[in-house]
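Visitor: I am new to this structure and would like a close look at a single part of it, namely the empty spaces and the residues around them. Please take me through them slowly.

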Amino acid sequence: MKTSTILNVALAIALVFLGYKLAVTGGEKAQQQDTSEVILNNILERTSIRSYLDKSVEEEKIEKLLRAGMAAPTSKNKQPWHFVVVTDKSLLQKLAEANPHAAMAAKAPLAIVVCGNMTKALDGDARDFWIQDCSAASENILLAATGMGLGAVWTGAYPAKERYTAVSEVLGLPETLIPLNTIVIGYPDGDVTPKDKWKESNISYNMYEEE
């Protein structure tokens, strides 16, 4: 085989390989972009859903919601949370009565009560970091619910003493568990348009400046 022929064959092989690499790299970048758009859209589409179909939430989806909650960031990895899953209709009714803002729980198939576990909380002034940790877990649950076609709403308990005390009594919680909120969940009964909360007036760069 002539040297020129060998070089042509080698060049052709190199071009094919380069084209393959470019295609693979381009595909990976496109996939990354697609993934980021899916994540961003899921965040922007999250909204509070208060009306649900008469349909149970599957156990595998409940576990995914809990896994999402436990994947949240947490100060010093203390993970000071405890999740109470409520599917019992009578308990859902009682949770609705315990919190005036959780009335929708009476007609929902599922609620997850996110509690702070004080036996895992930090000491001293850092104790209240449990609120941030459990709030991050709660947001993860809300976003996971949206991503799975579920609707959910955060109904606050702590720090309103009459609310978290009432929720504690309904669930028989020990003093070491403080209910931060009740997340009511179900399949949405109808469509709700998310609010556009983008406001440039809420942003400062580097240093705060008054308008």
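Guide: Let us begin with the lining of the largest cavity, which by class has six nonpolar residues, one polar residue and four charged ones. What you see is a predicted model, and every value that follows is computed from it. The residues around this cavity are Ser75, Lys78, Pro80, Lys120, Ala121, Leu122, Ala126, Arg127, Phe129, Trp130 and Asp133, and the space they enclose comes to about 40 Å³. When cavities of 30 Å³ or more are counted, the total is one. As for how such spaces are found at all, rolling a probe the size of a water molecule over the atoms shows where empty space is left.

From the cavity we can turn to the pockets, which are open. The largest pocket holds about 300 Å³ of space, and its lining is made up of Ile43, Leu44, Arg46, Thr47, Ser48 and Arg50 together with Pro194, Lys195, Asp196, Lys197 and Trp198. Sorted by class, the lining of this largest pocket has five charged residues, four nonpolar and two polar.

The second largest pocket has a volume of about 200 Å³. Of the 16 residues that line this second largest pocket, Glu45, Thr47, Ile49, Leu150 and Pro188 are the closest to its centre; Thr47 is therefore a name you have already met, since it also belongs to the lining of the largest pocket. Helix H4, which covers 129–147, and strand S3, which covers 151–156, each supply at least two residues of the lining of the second largest pocket, and H4 gives the most, with three residues. By class, the lining of the second largest pocket has eight nonpolar residues, five polar ones and three charged ones.

One residue of the cavity lining, Trp130, leads on to the aromatic rings, for ring pairs link Trp130, Tyr158 and Tyr164 into a cluster. In the whole model there are three aromatic pairs. In one of them, Trp81 and Phe83 lie 6.2 Å apart from centre to centre with 40 degrees between their planes, an arrangement that counts as tilted. Trp81 has a relative accessible area of 6% and Phe83 has 11%, and because buried means under 20%, both residues count as buried. The pair of Tyr158 and Tyr164 is tilted as well, with 5.3 Å between the centres and 45 degrees between the planes. Tyr158 has a relative accessibility of 23% and so counts as partly exposed, because that value lies between 20% and 50%. Another ring with a partner is that of Tyr187, where the charged end of Lys55 sits over the ring, 4.1 Å from its centre.

To place these parts within the whole, the secondary structure of the chain comes to five helices and four strands, and from the N terminus on its elements run α-α-β-α-β-α-β-α-β. The chain has 211 residues, of which 35% count as buried. Among contacts in the chain between residues at least 6 apart in sequence, 78% join residues at least 24 apart.

Methods
Residues are numbered from 1 along each chain as its sequence is written. This is a predicted model: local features need pLDDT of at least 70, side-chain atom pairs count only at pLDDT 80 or more; totals for chains, interfaces and linings use all residues. Side-chain values use heavy atoms; hydrogens and water are left out. On a 1 Å grid over the protein atoms alone, a cavity is a set of points where a 1.4 Å probe fits but cannot get out, and a pocket is an open set with protein on both sides within 12 Å along at least five of seven lines; lining residues have an atom within 4 Å of a point. Grid points are joined across faces, edges and corners, and a volume is the space filled by probe spheres set on the points. Ala, Val, Leu, Ile, Met, Phe, Trp, Tyr, Cys and Pro count as nonpolar, Asp, Glu, Lys and Arg as charged, and the others, Gly among them, as polar. Rings of Phe, Tyr and Trp (its six-membered ring) pair if their centres lie within 6.5 Å; planes under 30 degrees apart count as stacked, over 60 as edge-to-face and the rest as tilted. Buried means under 20% relative accessible area, exposed over 50%, partly exposed in between (1.4 Å probe, protein chains only). A charge sits over a ring if NZ of Lys or CZ of Arg is within 6 Å of the ring centre and within 35 degrees of the ring normal. Contact means heavy atoms within 4.5 Å.
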